[in-house]
Amino acid sequence: MTLMNFFNALIFVLFAFFMQTSITGVNRKIMARLQKRRGPRWYQQFLDIFKALSKSSISHGWVFQFGVVMAVGGIMATVMFIPIGDFRAFPGTDNIFIISYLLAVGMLGMAMSAAGSGNPWASIGVGRALTNMLAYDMPFMVVVVTMIFAFKTSSVGEIAEIQRNIGVLGWNIFRLPLGGIVGLICLQGMLGKKPFDSFIAPAEIASGPMVEYGGRQLGMLFILHELMTFIEVSLIVNLFFGGGATLLEYFIKYFIIYTFANLVSGISPRFKIDQAVTFYYKAPLLAALVQGFIVVFTGWGVTKWL
Amino acid sequence: MNLLSIITILIVGGLLTYVVSRMNKIVGAYMTIIISLATLAMVLFIKSQVGSTYSILYFSFKLTEVGWYFSFVLALTYAMSAFYNVYFTDKLLYPHTYSMLYLLSLGGSIGLFFARDFITFFVFWELVVWSSAFIIPLGKSRKASYIYYVISTMGSLATLYAILLIYKLTGSLVIREAFVLLDVSLGESILIFGLFILSGLTKIGIFPFHVWLPLAHGSAPHTFSPILSGGLVKLGAYVAYISVVIFPAYGAFSSTFMVLGIPLPIYLLMVLGAISIVIGTLMAIRQDDAKKLLAYSSVANGGYILIGILMKDQIAFAGGLLHLFAHAIASATAFLTIAAVAYRTGTTKMSELGGMIHRMPITYTVYLISIISMAGIPPMAGFVSKWLILQGLANQGLLFISLAAFFGSIGSFLYVFRPLSAVFLGQLAPKHENLKEAPPLMLIPMILLTCITLFVGIFPNTVLESITHIQREAGINMLELQQNAIVTLNGYLNAYHVFVVFAYGFVLALILYLLMPNSRRVGLMDTYTSAEFIYTPELLHYAHDFYAPFERLYGKHPSTLKLYERLSLKVQELGTFVDYAFMSHRPSLTVFWIMLFMSLIAMGGVVQ
């Protein structure tokens with residue numbers, strides 16, 4: 001770990017933030033066209049965040065503020081572990097379990113801060129968010145274990161590289177098709193997009209965890225949301241679509257996947273939280289297990305491929 | 001200074017404490033602190049004597065690496081929890097008995113970890129079972145103690161039977177010799193393995209023997225719950241270790257059906273461990289009592305430890321042993337914080353508490369760090385151990401077990417968050433307005449344990465080094481350790497780097513946050529309430545049925561405890577029938593039996 005690593009990491013976090021926030025802006029436009037509106041300009045998302053950061057705000061005690069910092073700090077650290085092509089801010093740290101558990105620090109921080117506000121809506125939202133996590137993580141993690149077993153590595157960057165070395169047909173979405181579909185379904189839950197967005201339902205529970213925030217805390221949470229989206233979409237790009245040898249390739253894949261998730265969200269209704277759990281524990285979990293058994297017992301798609 | 005002096009000091013010290021406590025119970029409580037701290041120091045001291053043997057009277061001991069590791073974990077939890085004894089002497093019915101049994105159970109556990117022969121092992125095992133069985137009813141309920149005792153006895157008797165069987169087959173009672181001498185058929189080896197490990201399963205609370213944990217942990221004295229969860233449950237892990245490593249289970253079962261390289265009997269036990277993880281998690285999510293919630297989490301974590309040890313490989317085995325340490329520390333800390341809250345407020349029910357952070361901030365911070373470790377989030381000790389177990393499982397392709405492990409892992413976010421939110425965060429009830437922070441003597445162990453959790457999370461190799469020694473002793477491939485890093489077949493973890501990066505991210509976020517305009521402090525009741533006017537903090541505190549929509553999905557599940565109750569009812573009915581039919585003084589029945597026997601004899605005569 002040299003000073004250069006830390007500098008690279010900082011640049012990378014800034015890059016991730018600007019990339020995802022721009023894409024969010026463009027997607028707001030796409031969403032508007034889907035709903036026959038004109039939509040805001042593509043940089044509106046930046047304006048929203050900087051405006052929130054500069055406004056006055058209230059605090060409900062030290063944990064209300066500390067939780068926000070812990071959340072954003074944890075998520076920033078997680079971003080530094082994400083590999084793009086051969087680039088890694090800190091070499092040797094792109095282990096899938098580290099990424100998925102460090103992501104939880106951010107969630108815990110935010111949950112803690114929200115519950116610290118003393119508002120019951122926030123607690124209800126947090127309860128739903130955690131339940132949602134328990135739902136989508138099961139099928140996703142089964143697919144991840146299958147991949148680790150298949151490729152004998154738990155490094156996200158290496159899994160992406162193995163796919164790239166074979167070519168387009170080496171992508172896991174083709175080699176492990178069931179797993180790939182499960183991954184995309186789980187992405188919808190990870191991002192908290194419809195139909196799995198009951199924990200931030202604005203009209204029902206007043207935006208859930210976000211209800212008490214304003215000013216700089218809200219601005220920080222916007223940043224948190226953008227960075228979290230970056231991590232989650234990046235995981236899918238790296239695990240199922242071969243990552244990207246160049247930044248452009250990565251960007252294109254990333255943009256398509258995120259926009260696809262957004263379009264699905266745009267035309268979906270909302271699940272109740274228990275419906276989300278039963279949904280994930282039926283077809284996706286079964287598909288993930290079937291994919292796992294195929295790989296473990298027959299090797300189709302891994303040892304036997306083309 | 002050797003092993004014998006530790007055990008002697010504990011047993012004699014225990015008896016002496018009883019006498020002193022009768023005169024002054026506070027002095028007796030301080031004696032438990034001093035003696036258990038001295039034990040911890042001596043256990044650290046004898047590390048250099050590994051390999052030597054001792055014998056006294058009919059008992060014989062051998063200082064092994066694995067025994068040392070287990071003793072260290074237990075001595076640490078006992079020494080830390082002892083600080084609480086001082087504050088709870090008034091709340092116990094028999095404080096002098098408590099202080100004595102406290103030390104005796106520690107002496108029993110240390111004796112059993114170093115036992116060289118089965119008789120020593122069994123005697124000390126029973127010492128632990130009996131002393132803890134008498135401590136538990138000093139708390140809230142006697143029923144808990146009955147159930148604990150019955151389930152423990154089931155295990156103990158099975159193990160005793162296995163020991164007798166081994167003696168009959170080999171003529172040796174020395175643990176490490178007898179198992180090697182065993183040369184029996186597959187059926188017999190499965191029988192011995194199953195019987196021997198049963199006491200371990202009952203102790204660690206594996207399904208279907210988990211029913212005693214929530215009852216005993218929930219109603220034991222507040223100072224003893226940390227010991228039960230952090231220490232005594234781990235005795236079961238030691239039995240599992242003996243049954244898998246010293247008893248050559250993998251070799252003996254090599255002719256059975258193999259599930260991905262694991263013999264079927266061992267795989268089935270792993271499935272039991274996986275079921276425990278799932279059941280422990282689901283039940284922990286729906287508890288209202290914080291101590292019961294933590295007890296069910298011990299059931300779930302016991303599953304991880306069992307699975308890790310049963311794997312007996314390079315990675316998951318080390319993970320299981322590290323998890324034993326990490327969970328013992330984290331769980332003991334969590335129980336201690338709840339005990340501190342209970343000491344100040346008099347309740348452990350989450351729905352009656354709330355907003356404790358505004359009165360007990362240090363206790364809150366300690367609880368936060370302990371649950372981060374328990375949930376397996378970096379940079380705490382629990383993360384490293386879960387990482388190792390998951391890597392080991394993924395390496396073997398054990399999908400169902402991994403699924404349970406993930407369920408327990410993500411599910412633990414749900415249940416550890418509940419006390420955090422319902423006890424420490426949320427609205428502060430007016431009746432708790434004048435509470436104070438926990439007394440200083442309680443803060444010492446809490447802060448020490450927190451530092452240990454954090455330290456092991458950043459430098460896991462300090463503990464993993466001892467574990468590699470155990471692996472060498474057990475003849476397993478040793479885990480590959482580099483400076484600050486762990487290298488496995490399919491992964492690489494440098495916990496120190498993870499911590500540094502996390503700290504870096506935190507500092508960046510903090511700088512960004514501090515650059516922005518300051519916030520105005522408002523009261524807790526000053527929140528958005530959808531235009532309702534609410535002036536009662538208790539009504540605005542969200543603690544009941546936290547995960548109601550999720551709990552509804554499995555609300556009507558069959559209960560193991562009810563099954564046992566139904567079974568005991570059937571036994572009672574049988575007893576009543578026998579009593580009615582043979583023992584009653586009804587003349588009509590006597591006449592009936594005489595007639596029946598007479599006619600039977602007569603018929604027999606006719607047939608002849």
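Visitor: Let's start in chain B. Which helix does B:Leu388 lie in?
Guide: Happy to begin there, with the reminder that this is a predicted model. B:Leu388 lies in a helix of chain B that runs over residues 381-396. That helix is α18.

Visitor: Is B:Leu388 buried or exposed?
Guide: A residue is buried if 20 or more other C-beta atoms lie within 10 Å of its own. B:Leu388 has 30 C-beta neighbours inside 10 Å, so this leucine counts as buried.

Visitor: Which residues does B:Leu388 touch, not counting residues up to four places away in sequence?
Guide: With those sequence neighbours set aside, five names remain, and each belongs to chain B. They are B:Ile315, B:Ala316, B:Ala318, B:Gly319 and B:Leu322.

Visitor: What separation is there between the C-alpha atoms of B:Leu388 and B:Leu493?
Guide: Along the chain, these two leucines are 105 residues apart. In space, their C-alpha atoms are separated by 9.3 Å.

Visitor: B:Leu493 leads us to a sheet. In what order do its three strands stand?
Guide: B:Leu493 belongs to β7(B), where B:Gly491 and B:Leu493 point one way while B:Tyr492 and B:Asn494 point the other way, and all are buried. The sheet is open and its pairing is antiparallel. Its edge strands, each pairing on one side only, are β5 (480-482) and β7 (491-494) of chain B. The order is therefore β5-β6-β7, with strands of a sheet pairing through backbone hydrogen bonds.

Visitor: What is the average twist from one strand to the next in that sheet?
Guide: The value is an average taken over steps from one strand to the next. For this sheet the twist averages 20°.

Visitor: Which residue stands opposite B:Leu481?
Guide: β5(B) pairs with strand β6 (residues 485-488) of chain B in the antiparallel sense, over three bridges. The residue opposite B:Leu481 lies in β6(B), and it is B:Ile486.

Visitor: How many residues lie between β6(B) and β7(B) in their hairpin?
Guide: β6(B) and β7(B) pair in the antiparallel sense over four bridges. Within that pairing, B:Thr488 stands opposite B:Gly491. The number of residues between the strands of this hairpin is two.

Visitor: In the hairpin of β1(B) and β2(B), which residue takes a positive phi?
Guide: Strands β1 (residues 53-56) and β2 (residues 59-62) of chain B pair in the antiparallel sense over four bridges. B:Ser55 stands opposite B:Ser60 there. The hairpin has two residues between its strands, and the one with a positive phi, near 50°, is B:Leu57.

Visitor: How many residues of α5(B) are buried?
Guide: Helix α5 of chain B covers residues 95-113, and its reach of 27 Å from first C-alpha to last is close to the 27 Å expected at 1.5 Å a residue. The helix is mostly covered. Of its 19 residues, the buried ones number 18.

Visitor: Stepping back, what radius of gyration does chain B have?
Guide: Chain B holds 25 helices and eight strands, and its C-alpha trace spans about 105 × 60 × 55 Å along the principal axes. Buried residues make up 56% of its 608 residues. A compact globule with 608 residues would have a radius of gyration near 25 Å, and chain B agrees with this, at 26 Å.

Visitor: And what radius of gyration does chain A have?
Guide: Chain A has 13 helices and one strand, and its C-alpha trace spans about 60 × 50 × 40 Å along the principal axes. Of its 306 residues, 60% count as buried. A compact globule with 306 residues would have a radius near 19 Å, and chain A agrees, at 19 Å.

Visitor: Which helix of chain A gives the most to the side that touches chain B?
Guide: The contact takes 71 residues from chain A and 62 residues from chain B. On the chain A side, 41 are nonpolar, 24 polar and six charged. The helix that gives the most, with 15 residues, spans residues 120-151 and is α5 of chain A.

Visitor: The two chains also pair through strands. Which residue is the bridge partner of A:Ile58?
Guide: Strand β1 (residues 57-59) of chain A and strand β8 (residues 519-521) of chain B pair in the parallel sense over three bridges. The partner of A:Ile58 lies in β8(B), and it is B:Arg520.

Technical notes
Residues numbered from 1 in each chain as written. Chains lettered and ligands numbered in written order. Predicted model: local features only at pLDDT ≥ 70, side-chain atom pairs only at ≥ 80, totals over all residues. Contact = placed C-beta atoms within 7 Å. Nonpolar A, V, L, I, M, F, W, Y, C, P; charged D, E, K, R; others polar. Pairing = 2+ DSSP bridges. Expected span 1.5 Å × (residues − 1). Buried ≥ 20, exposed ≤ 12 C-beta atoms within 10 Å, placed from the backbone. Rg over C-alpha atoms; globule rule 2.2 N^0.38 Å. Axes fitted to C-alpha atoms, helices over the stretch in contact; angles between N-to-C directions.
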